[in-house]
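Work through the exercises below with the model open. Each task is followed by a solution in steps.

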Amino acid sequence: TELLSCLEAVVSTQSTGGAGSLGADNKDTLFVGSQTHFIAYDVHNNADLFYRECPDGVNTISRGYIADNDKPLVFVGGNCSISGFDIEGEDKFWTVTGDNVCSLALLDYNQDNINELLVGSEDYEIRVFHGDEMIAEITETESVTCLTPMHGSRFGYALANGTVGVYDRNNRYWRIKSKNQAVSIFSYDLDGDGVPELITGWSSGKLDARNSHNGEVVFKDNFSCAIAGIVEGDYRRDGSNQLITCSVEGEVRGYSPSNKESSHNLLESNAEQDLLRELEQRKNNLLLELKNYSVNTMAGREVQASGMKLGATADVQGQQMGVIPANTQLQTSLQVTTETESTPSHVQLLINTTNNTLIKTVMIFAEGIFNGESHVVHPPTGSISSSLSVPIFPPKDVPIDLHVKTFVGYKNSTQFHVFELSRQLPRFTLYILAPADTQEPTSYVTFAITERINRVVMWINQNFLLDEELVAQQELEVRLIALRSGSPLFIRMVPGTLSILCDDIDLVGDIVQALATSLNIENLQSTAVYPAFTDNLREVLVKVDDFHTVRQKLSAEMADHSNLIRSLVVRAEDSRLMYDMNGMKQCYLKLFDLNRDLVNGYNIRCNNHTELLSCLRVVNQAITKAGRLRVGKPKTQVVTACREAIKQNDVDKLFKVIESGAG
């Protein structure tokens, strides 16, 4: 049944398939999702268990137990929302997330014998839900296309840019990046050591198994075309599950786990070839290093001989051999640069040496900033100096580790010394102090806080890249400008109360969440006033009602056309049997017109559905943004209360919850 659901997902690009059991009889159930509906199908009895309309669509499906539910649920991820259904089709779980859901997985994340729900989405986030409450959030560099539970609290993930890896809670064990895309990942103990490996099927047709702890390849195989899906099942009916892989052309291969005695032979001759290749590479590196030493020694002797004849100084001789002073150091600094006509706002990484040595090349490695996660700056020979400036454009407000390698020498050096260092960009980098005449924002969030002002000042100094550090006083007021949007950002605090004034609700939510995490605040209730945000949401809700009305009208018209078509088909057949060719022709002409009307109506329905999904996405994201202004239980309560208000079509209650919370 699982393999069938995998093939179903391959055959129809508009649907998502999954399989499992929801009932006490432990019989298989086939789950099929489309852009508008979700079906649970009883395979053994050849009957539908339930059929539910899903306005947010179905992108991915997962099944299992979560939180306080003693019965399994099937979870459906769609347009910024996640729903959970029981065997009767009742909606037992619902929450929202920041973007379209790409992947779901169930895992005992915090090792409390209760499953948490892992959600991967298009906004590069992996979110962990304990019931309705989000307890962890991990930021990646691309859309999270696949998630799979592994051993303990470990889980594997795959990104749209070809990256796969393994996390243990918030700690990433390893990751690798390929030019191909990871189509499917799965957890399976292939080498028989009791710990499952991460099995990855690639768009190139490659299948590999990697150690969950260090990412080492323990097995690999190749198909002639892309992998479609990976599952496990008792294919041989011998009581043990095999790993089953299917390609897009229908080729199916099965793999049995090896025993401990033969686990070291999984790669067979490939392991020996890899070892020989590694040893050959190490040999070549050592030979190259030896050659460099030899060339350097010979060059030194030649320079010394010519220097004695020409009277060259020892400094010139050393420069030509690539020798730099022993006390040479690199100094780095970060500086915010505002927007110009040709360049958007960015952060300048300034690198300089402490003497007259020159910087030949700078290599920077960082996630989520550069294409290929690396950037090389190699100035022209005539522009080489002892300092170098590298512009950095952070795409989001997240802390970023910069790993820098700098080649240092002299202008006529043939060899260079490599300095390695690391710098971290603070979470909020593209912000500058606002002018004194900056107008105060009309939107704000305020909440009670028991922390001292100096702790908040310390947090601001650590998380914002300001020209000078703030000093704690009896009251706090910081006026900033967000360079990405140009929005003013004011942070005010008096003992017991903190207010954040900014018209950008996303930015305020990020600040609230980051501040709560840093200060270990588990529950935080707030009051939020965002008139422009609520006015826009009100307009969207009106559009949603209009789209629903149009949809119902179109559905009624389609039903009428369907009844008329059946009548015309019968009449046309009767005319044919009676040799009434003119009557038959008239019936078929009317059928042709009705068919054209149905096609036009279908196109209108498609456009209406696309617009409806867009509006529902805005509504779901608005609920998420309102929740991010709170922390812990108040956040969960806001999400639940917002959903109830929308179900009841009570707009005033919805806005009251967004402003004052659900308490």
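A nonpolar core is a set of buried Ala, Val, Leu, Ile, Met, Phe, Trp, Tyr and Cys residues joined through side-chain atoms within 4.5 Å. The model is predicted.

**Exercise 1.** Describe the largest nonpolar core and name the helix that gives the most to it.

Solution.
- The largest nonpolar core holds 61 residues.
- Within this core, the residues with the most contacts are Ile460, Phe464, Leu489 and Ile500.
- Helix H5, residues 505–518, gives the most to the core, with eight residues.
- Leaving aside residues up to four places away in sequence, Ile460 touches Leu466, Leu470, Leu476, Val478 and Ile491.
- A second, separate core has 30 residues, including Ile324 and Val362.

**Exercise 2.** Compare the span of helix H8 with the expected span, then find what its buried residues pack against.

Solution.
- H8 covers residues 633–647, which is 15 residues.
- From first C-alpha to last, H8 reaches 21 Å, close to the 21 Å expected at 1.5 Å a residue.
- Buried means under 20% relative accessible area; the residues of H8 in this class are Pro634, Lys635, Thr636, Val638, Val639, Ala641, Cys642, Arg643 and Ala645.
- These buried residues pack against strands S8 (91–96) and S12 (133–139), and against helices H5, H7 (581–627) and H9 (651–660).
- Just after H8, Asn649 takes a positive phi of about 60°.

**Exercise 3.** What share of the chain is buried, and what share of its contacts joins residues at least 24 apart?

Solution.
- Of the 663 residues in the chain, 45% are buried.
- Among contacts between residues at least 6 apart in sequence, 53% join residues at least 24 apart.
- The chain contains nine helices and 36 strands.

Conventions:
Residues numbered from 1 in each chain as written. Predicted model: local features only at pLDDT ≥ 70, side-chain atom pairs only at ≥ 80, totals over all residues. Heavy atoms only, no water. Buried < 20%, exposed > 50% of the residue type's maximum accessible area, 1.4 Å probe, protein only. Helix = DSSP H or I, 4+ residues; strand = E, 2+ residues; numbered from the N terminus. Contact = heavy atoms within 4.5 Å. Expected span 1.5 Å × (residues − 1).
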